[in-house]
Amino acid sequence: MVLASGRIFSSMERYAGPLGLLAPIICGNGAHVIGPQGEEVEHRSLGRDVAEQIWDYADRLDLHLNVYSRKLLFYRKESEWSRMYHERLGMDLGAVAPREDALGHEITKMMIVDESGRIRGHRKALEPGFDSDRVHVTESEPEYLEFLPANTNKATGLASLAAALGIEQHETAAIGDYMNDLEMVQWAGLGGAVANATREVRESADFVGPSNDQAGVARFIDWILANGRQ
């Protein structure tokens, strides 16, 4: 079993460690893939010019912006959103950093955090300005607008890991709930969704189970075993 998350490795450890799932693991919405021995299978990064463009936009509107490297998280500024993010992570991670310091790292992804009703507006303002072969834009929570390297998502991360392990696409299964899970659920040999997943994810799934609070992932595994499918 493999965890796949939008989080970077240092923030996934809190959950992956107690479950014994620290490796292999898919981080950064597929941009950073760790193999079974803790080795790096793949890392994709945003171009510096793309990062500058996103930072400029955040500056103009005074938005909260997260910048992620393989292991580090930087904030454009301290705000109510950074405090909320800490609460959701269940840990203090990240620090405010000047522009040059934050963008001087190899950037795994960037994320604007704002009111849910404003996220689609930011997406409409920014996405047309990026070449599709440079940036992939997705939403991972109602308040999160994420910017990833082009052609990067949890599906590409799962595909890279499967190839490294010698596993065929039809032998994989994946379950998710939000828009950043959509490509992975569609790509996997068997795709699952929990009841409280977005409509797009539910409609793409082979199996829709109870919500995540009602053992939806466990029911997906039970369904695979009961049907004798891998």
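Okay, let's start with one residue: R48 is partly exposed, at a relative accessible area of 35%. It sits in helix α2. Before I go on, keep in mind that this is a predicted model.

So what does R48 touch once we drop its neighbours within four places in sequence? The answer is E100, L103 and G104. There's also a distance to H105 to mention: the two residues are 57 apart in sequence, and their C-alpha atoms are 9.2 Å apart in space.

Stay in helix α2 for a moment, because A51 is there too. Buried or exposed, what would you say for A51? A51 is buried, at 0% relative accessibility. Ignoring residues up to four places away, A51 has contacts with L103, I107 and M110. For the pair A51 and L103, the sequence gap is 52 residues, and the C-alpha to C-alpha distance is 7.0 Å. L103 turns up on both lists, then: R48 contacts L103, and A51 contacts L103.

Let me zoom out to the whole chain. Counting secondary structure, we get nine helices and 13 strands. The radius of gyration comes to 17 Å, close to the 17 Å from the globule rule for 230 residues, so the chain is as compact as a globular protein of that length. If you want a box around the C-alpha atoms, taken along the principal axes, that's roughly 55 × 35 × 35 Å.

How many of the 230 residues count as buried? That would be 50%. Another 50% to write down, for another quantity: among contacts with a separation of 6 or more, that is the share from residues 24 or more positions apart.

On the surface side, about 10800 Å² is exposed, and carbon and sulfur atoms supply 47% of that. For the electrostatics people, the chain has 23 positive and 35 negative charges. The mean positions of those two sets lie 3 Å apart.

Now to the N-terminal end of things, with S5. You'll find S5 in the loop between β1, residues 3-4, and α1, residues 9-19. S5 has a relative accessible area of 16%, so it counts as buried, the cut-off being under 20%. A polar atom of the S5 side chain lies 3.0 Å from the backbone nitrogen of R7. Leaving out the neighbours within four places, S5 is in contact with M12, I26, C27, G28, N29 and K154.

N29 is on that list, and I'd like to spend some time on it. Where is N29? In the loop between β2 and β3, with β3 covering 32-34. N29 is buried, with a relative accessibility of 0%. What about its backbone? Phi of N29 is positive, about 55°, and the residue is not a glycine. For background, most residues other than glycine have a negative phi, and most peptide bonds are trans.

The contact list of N29, again without residues up to four places away, goes like this: S5, G6, K109, T138, S140, E146, L148, T152, N153, K154 and N180. K154 is a contact of N29, and K154 is a contact of S5 as well.

There's another positive phi to show you, at D62, near 55°, and D62 is not a glycine either. D62 is in the loop between α2, which runs 48-61, and β5, which runs 64-68. Buried or partly exposed, which is D62? Partly exposed, at 44% relative accessibility.

And since we're on backbone geometry, which residues does the cis peptide bond join? A23 and P24, with omega about -10°. P24 is in the loop between α1 and β2, where β2 is 25-27.

That loop between α1 and β2 also holds L22. L22 is partly exposed, with 34% relative accessibility. With residues up to four places away set aside, L22 touches F9, E13, A16 and G17. The distance between L22 and V2 is 8.5 Å, C-alpha to C-alpha, across 20 residues of sequence.

To wrap up, here are the backbone spots to look at in the viewer: the cis bond joining A23 and P24, the positive phi at N29 and the positive phi at D62. That's it from me, happy to rotate the model for anyone.

Definitions and conventions: Residues numbered from 1 in each chain as written. Predicted model: local features only at pLDDT ≥ 70, side-chain atom pairs only at ≥ 80, totals over all residues. Heavy atoms only, no water. Helix = DSSP H or I, 4+ residues; strand = E, 2+ residues; numbered from the N terminus. Rg over C-alpha atoms; globule rule 2.2 N^0.38 Å. Buried < 20%, exposed > 50% of the residue type's maximum accessible area, 1.4 Å probe, protein only. Contact = heavy atoms within 4.5 Å. Areas by Shrake-Rupley, 256 points an atom, 1.4 Å probe, with all protein chains shown as cover. Lys, Arg positive; Asp, Glu negative; His and termini not counted. Charge placed at Lys NZ, Arg CZ, Asp CG, Glu CD. Polar contact = N/O pair within 3.5 Å; in protein donor to acceptor, adjacent residues only side chain to side chain.
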